Amino acid sequence: MAVTHLGSISFSSSMPSISSPSLKHPFNFNKNKPLIVAAMSDDPVREWILSEGKATQIKGISPIGGGCINRATRYDTDVGSFFVKTNRSIGPSMFEGEALGLNAMYETGSIRVPKPYKVGSLPTGGSYIIMEFIEFGASRGNQSALGRKLAEMHKAAKSEKGFGFHVDNTIGSTPQINTWMSDWVEFFAEHRLGYQLKMAHEQYGDPTIYERGQRLARNLGPLFKNVVIEPCLLHGDLWSGNMTYDKNGEPVILDPACYYGHNEAEFGMSWCAGFGGDFYKAYFEVMPEQPGFEERRDLYMLYHYLNHYNLFGSGYRSSAMSIIDDYLRMLSV
Ligand SMILES: Nc1ncnc2c1ncn2[C@@H]1O[C@H](COP(=O)(O)OP(=O)(O)OP(=O)(O)O)[C@@H](O)[C@H]1O
């Protein structure tokens, strides 16, 4: 099994090495001392919890429902609980992307996110991620706190590399390309809209949405007039299933598809996020609304509608198509 070092966090995996200088290992893993894994343990999750996790006893293991893609489990130990997700068929790259995203958000010290501890391969194939277990309270809570803390995260984490992320990750189970680019409009046109449009064309043989969508993607410029766009750290998949509150009522965000992008792109899933007036008011107090925000709302939703079309089929096609047609009319292209 190859060993990947991500700055000072270490993930055992078969993936090539990637680096992210901001990452820190929760248990003071010594980055100068490579982790040598002679043979893969039969149960690497248990092994990690009982070694680097510092537990001496696992008191209980229980399944957690709610996720669609992975199996989620709670491990209760004498040093507290751990949250573990496993995937029986996909290698560790998906969880590495999740861990890098969680860690980047965690490091901002703004909104609460579970701290990632470990990613690795399973001996039977597949992969796992171990992270901090968070005791949840109500699933709906203070919207102002959510808006303010999300904006604080956007404000705190800026990228010097431009728009993109350290690794490609997934949005749902669709690949999300995060190759760094210096221009946001080009990034969004190519890696967000362009990628999904190509997928729809290949998957469904849908030249209409492809051609009209590409025409829109080539003509986005006027929608960004007089806007200063900084690469902010985005959760990337912020809908109600990925937001909750801890038992103290603090907002928590989970299961990210992080990248550095235009902050407004964070609202692309707002059609199933339940953001209300209090949320936006608090958000804009920290990250002021920019000119043309309302005109760009649908554009950012389009990416996610296209992704839903690609993931779940034709039920989402008409939403995507009508957004594209409206913009083509508005922009006269
Ligand atoms: N750190 C955590 N601590 C406690 N419970 C968690 C934690 N992270 C997630 N959960 C719970 O576990 C469930 C499954 O997690 P998650 O949604 O991340 O799974 P997934 O299969 O990767 O996601 P999805 O299929 O929704 O994309 C969630 O509904 C959530 O309630």
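Trainee: What makes a residue nonpolar, polar or charged in the lining of the largest pocket, and how many belong to each class?

Mentor: Ala, Val, Leu, Ile, Met, Phe, Trp, Tyr, Cys and Pro count as nonpolar, Asp, Glu, Lys and Arg as charged, and the others, Gly among them, as polar. By these classes the lining has 22 nonpolar, 17 polar and 5 charged residues. Please note that this is a predicted model, in which local features need pLDDT of at least 70, side-chain atom pairs count only at pLDDT 80 or more, and totals for chains, interfaces and linings use all residues. Residues are numbered from 1 along each chain as its sequence is written, and side-chain values use heavy atoms, with hydrogens and water left out.

Trainee: What makes this space a pocket, and which residues lie nearest its centre?

Mentor: On a 1 Å grid over the protein atoms alone, a pocket is an open set of points where a 1.4 Å probe fits, with protein on both sides within 12 Å along at least five of seven lines, and lining residues have an atom within 4 Å of a point. In the largest pocket 44 residues form the lining, and Gly 66, Gly 67, Gly 241, Asn 242 and Asp 255 lie nearest the centre. Elements that give two or more residues to this lining include β5 (80–87), α2 (93–107) and β11 (243–245). Helix α7 contributes the most, namely 5 residues. The space in this pocket is about 1,100 Å³.

Trainee: Why is the pair Glu 98 and Lys 85 called a salt bridge?

Mentor: The term requires a side-chain nitrogen of Lys or Arg within 4 Å of a carboxyl oxygen of Asp or Glu. The closest N and O atoms of Glu 98 and Lys 85 are 3.0 Å apart, so the pair qualifies. Glu 98 belongs to helix α2 and Lys 85 to strand β5, so the contact ties together parts that are 13 residues apart in sequence.

Trainee: How do you know whether Glu 98 and Lys 85 are buried or exposed?

Mentor: Buried means under 20% relative accessible area, exposed over 50%, and partly exposed in between (1.4 Å probe, protein chains only). Glu 98 has 7% and Lys 85 has 9%, so both are buried.

Trainee: What makes the salt bridge between Glu 152 and Arg 148 a link within one helix?

Mentor: Both residues lie in helix α3 (residues 143–156), 4 residues apart, about one turn of the helix. Their closest N and O atoms are 3.7 Å apart, which satisfies the salt-bridge limit. Glu 152, at 30%, and Arg 148, at 37%, are each partly exposed.

Trainee: How do you know that the salt bridge of Arg 317 and Asp 206 links distant parts of the chain?

Mentor: The N to O distance is 2.7 Å. Arg 317 lies in helix α8 (residues 317–331) and Asp 206 in the loop between α4 (184–204) and α5 (207–217), 111 residues apart. Arg 317 is partly exposed at 25%, whereas Asp 206, at 5%, is buried.

Trainee: How many salt bridges does the structure hold, and which residues are linked in a network?

Mentor: There are 16 salt bridges. Arg 74, Asp 76 and Glu 135 are linked in a network of them.

Trainee: Why is Gly 109 placed in its accessibility class?

Mentor: Its relative accessibility is 65%, over the 50% limit, so Gly 109 counts as exposed. Gly 109 sits in the loop between α2 and β6 (116–121). For the protein overall, 53% of the 333 residues count as buried.

How values were computed:
Points joined across faces, edges and corners; volume = space filled by probe spheres on them.
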